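Biologist: I would like to go through this model with you, beginning with its ligand and then turning to a pair of helices. Please give the reasoning behind each answer.

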Amino acid sequence: MVNIVILTGAGISAESGIPTFRASDGLWENHRVEEVATPAGFKKNPELVHRFYNERRATMHTVQPNEGHKALARLEQGWRDGGFLIVTQNIDDLHERGGATQVMHIHGEINKIKCVSCVHEETTTADTTVDTACPKCTLPMRPDVVWFGEMPYYLDVIEPILDRTDVFISIGTSGQVMPASLFATAVRMANPDAEIIEINPNPTGESTFNRVIAEPASTALPKLVDELLARYQPAKNNPQE
Ligand code: NAD
């Protein structure tokens with residue numbers, strides 16, 4: 001039994017046409033992160049923040065999963081003997097639309113909104129405004145996106161999984177956003193023999209990785225998935241055996 005965890009960041013969706021975060025100037029789609037990705041930014045100018053995420057949500061139907069997303073779905077389907085999990089920092093839905101089902105969005109999802117006060121959340125593809133009210137308690141709704149200074153989702157579930165991980169792949173993440181940047185180290189500390197792979201055309205230089213594939217995800221992943229299935233799941237994926 002071999003357990004695999006895949007961490008993805010904005011880089012895997014870059015070839016689908018969604019710009020990465022720190023692409024050139026540290027701005028997110030021409031906005032300072034403080035304006036659109038912090039609780040203080042929302043408090044100061046909620047109209048701007050709603051508009052920003054409305055724009056991101058509206059572009060979702062114009063982008064498609066790429067060969068990287070599809071290769072990970074194929075890996076999930078073939079990974080029968082051992083745990084499989086994709087942990088994504090992305091708020092887009094391209095993993096799911098590419099066919100993956102075991103996906104945890106630690107930074108929330110663009111197609112979800114939540115109440116600023118109670119536990120109510122809902123899925124939507126519609127625009128929201130400062131007047132979008134919670135149907136349960138009538139207080140305002142906000143994008144269900146984890147902003148800087150807020151606690152990422154699912155960490156209590158993910159941490160024990162990292163302790164039992166044999167293969168960890170970090171794809172398209174700059175490693176500058178905590179706590180995901182610490183996941184590879186957590187795997188290494190729990191399991192010194194773990195295979196820890198980075199896919200990034202501009203590698204991070206982190207010494208935790210024992211293999212670095214300096215290629216775009218869309219070309220690297222189809223090859224790596226073939227290799228991993230052949231090495232770790234041969235009997236399960238060969239009908240002759
Ligand atoms: P980042 O923007 O900080 O870094 C992106 C990384 O991807 C870089 O290291 C870059 O070299 C690499 N990259 C670029 N093209 C690639 C490719 N074709 N294949 C593989 N790697 C490639 O991204 P981050 O580390 O994910 O942190 C940014 C934060 O911003 C995330 O937490 C996320 O919530 C948010 N964000 C999300 C999206 C999205 O949902 N698609 C887009 C932008 C930002």
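Biologist: How many Å separate an oxygen atom of the ligand from an N or O atom in the side chain of serine 174?

Modeller: This is a predicted model, and the value is computed from its atoms. Ser174 is listed among the closest of the 26 residues that surround the ligand, together with Gln89, Asp92, His107 and Thr173. Between an oxygen atom of the ligand and an N or O atom in the side chain of serine 174, the distance is 2.7 Å.

Biologist: Which residue places a backbone N or O atom 2.9 Å from a nitrogen atom of the ligand?

Modeller: The side chain of asparagine 202 has an N or O atom 3.2 Å from an oxygen atom of the ligand. The contact you ask about instead involves a nitrogen atom of the ligand and a backbone atom, and the residue is alanine 217.

Biologist: How much of the accessible area that the ligand has on its own does the protein cover?

Modeller: On its own the ligand has 860 Å² of accessible area. Of this area, the protein covers 91%.

Biologist: Why are helix 7 and helix 8 described as oblique to each other?

Modeller: The axes of helix 7, residues 155-162, and helix 8, residues 183-190, come within 9 Å. Angles from 65 to 115 degrees would count as roughly perpendicular and those under 35 as roughly parallel. The two axes cross at roughly 40°, and the helices are therefore oblique.

Technical notes
Residues are numbered from 1 along each chain as its sequence is written. This is a predicted model: local features need pLDDT of at least 70, side-chain atom pairs count only at pLDDT 80 or more; totals for chains, interfaces and linings use all residues. Side-chain values use heavy atoms; hydrogens and water are left out. Axes are lines fitted to C-alpha atoms, for helices over the stretch in contact, and angles run from 0 to 180 degrees between N-to-C directions. Helices (H or I, at least four residues) and strands (E, at least two) are DSSP runs, numbered from the N terminus. Angles under 35 degrees count as roughly parallel, over 145 as roughly antiparallel, 65 to 115 as roughly perpendicular and the rest as oblique. A residue is near a molecule or strand if one of its heavy atoms lies within 4 Å of it. A polar contact is a pair of N or O atoms within 3.5 Å; within protein, one must be able to donate a hydrogen and the other to accept it, and residues adjacent in sequence count only if both atoms are side-chain atoms. Accessible areas come from the Shrake-Rupley method with a 1.4 Å probe; for residues, only the protein chains shown count as cover.
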